[in-house]
Amino acid sequence: MMQKPILDTVGYQAKPRAERQVTYFCRLCRNYGIKTRKAHLQNYHNASRDTITKRSNGDLVDIIFVESK
């Protein structure tokens, strides 16, 4: 029985940054291609920084934004 090496790095190529980054869809303004969710809420929907960064509101941010990539 032949064993394969655990780390076979010969055929692996890292993806460019543009392909690695996840973009989001905002359900509030129906806008695509958002890269930073919290900054989008602050800049476009007038959300305060303190409200967004609270741990309890992390679920709310997850509901507002959907991964689009």
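In this predicted model, Asn46 is exposed, with a relative accessible area of 72%. Asn46 lies in the loop that links helix H2 (37-45) to helix H3 (49-53). Its phi is near 55°, a positive value in a residue other than glycine. Asn46 is also in contact with Leu41.

A positive phi of about 55° is likewise found at Arg30, which is not a glycine. Arg30 sits in the loop between E1 and E2. Its relative accessible area is 64%; Arg30 therefore counts as exposed, the cut-off being over 50%.

The two strands flanking Arg30 form a hairpin, with four residues between them. Strand E1 spans residues 24-26, and strand E2 covers residues 31-34. The strands run antiparallel and are joined by two bridges. One pairing places Cys26 opposite Asn31 of E2 as its bridge partner.

Cys26 also belongs to the largest nonpolar core. This core comprises eight residues: Tyr24, Cys26, Ile34, Leu41, Ile52, Val61, Ile64 and Phe65. Strand E1 and helix H4 (58-64) are the elements that each give two or more residues to the core. In soluble globular proteins, nonpolar side chains tend to be buried together.

Leu41 connects several of these regions. Beyond its neighbours within four places in sequence, Leu41 is in contact with Leu28, Asn46, Ala47, Ile52, Val61, Ile64 and Phe65. Among these partners, Ile52, Val61, Ile64 and Phe65 are members of the core, as is Leu41. The contact list also includes Asn46, which is exposed at 72% relative accessible area.

Conventions: Residues are numbered from 1 along each chain as its sequence is written. This is a predicted model: local features need pLDDT of at least 70, side-chain atom pairs count only at pLDDT 80 or more; totals for chains, interfaces and linings use all residues. Side-chain values use heavy atoms; hydrogens and water are left out. A nonpolar core is a set of buried Ala, Val, Leu, Ile, Met, Phe, Trp, Tyr and Cys residues joined through side-chain atoms within 4.5 Å. Buried means under 20% relative accessible area, exposed over 50%, partly exposed in between (1.4 Å probe, protein chains only). Contact means heavy atoms within 4.5 Å. Two strands pair if DSSP finds at least two bridges between them.
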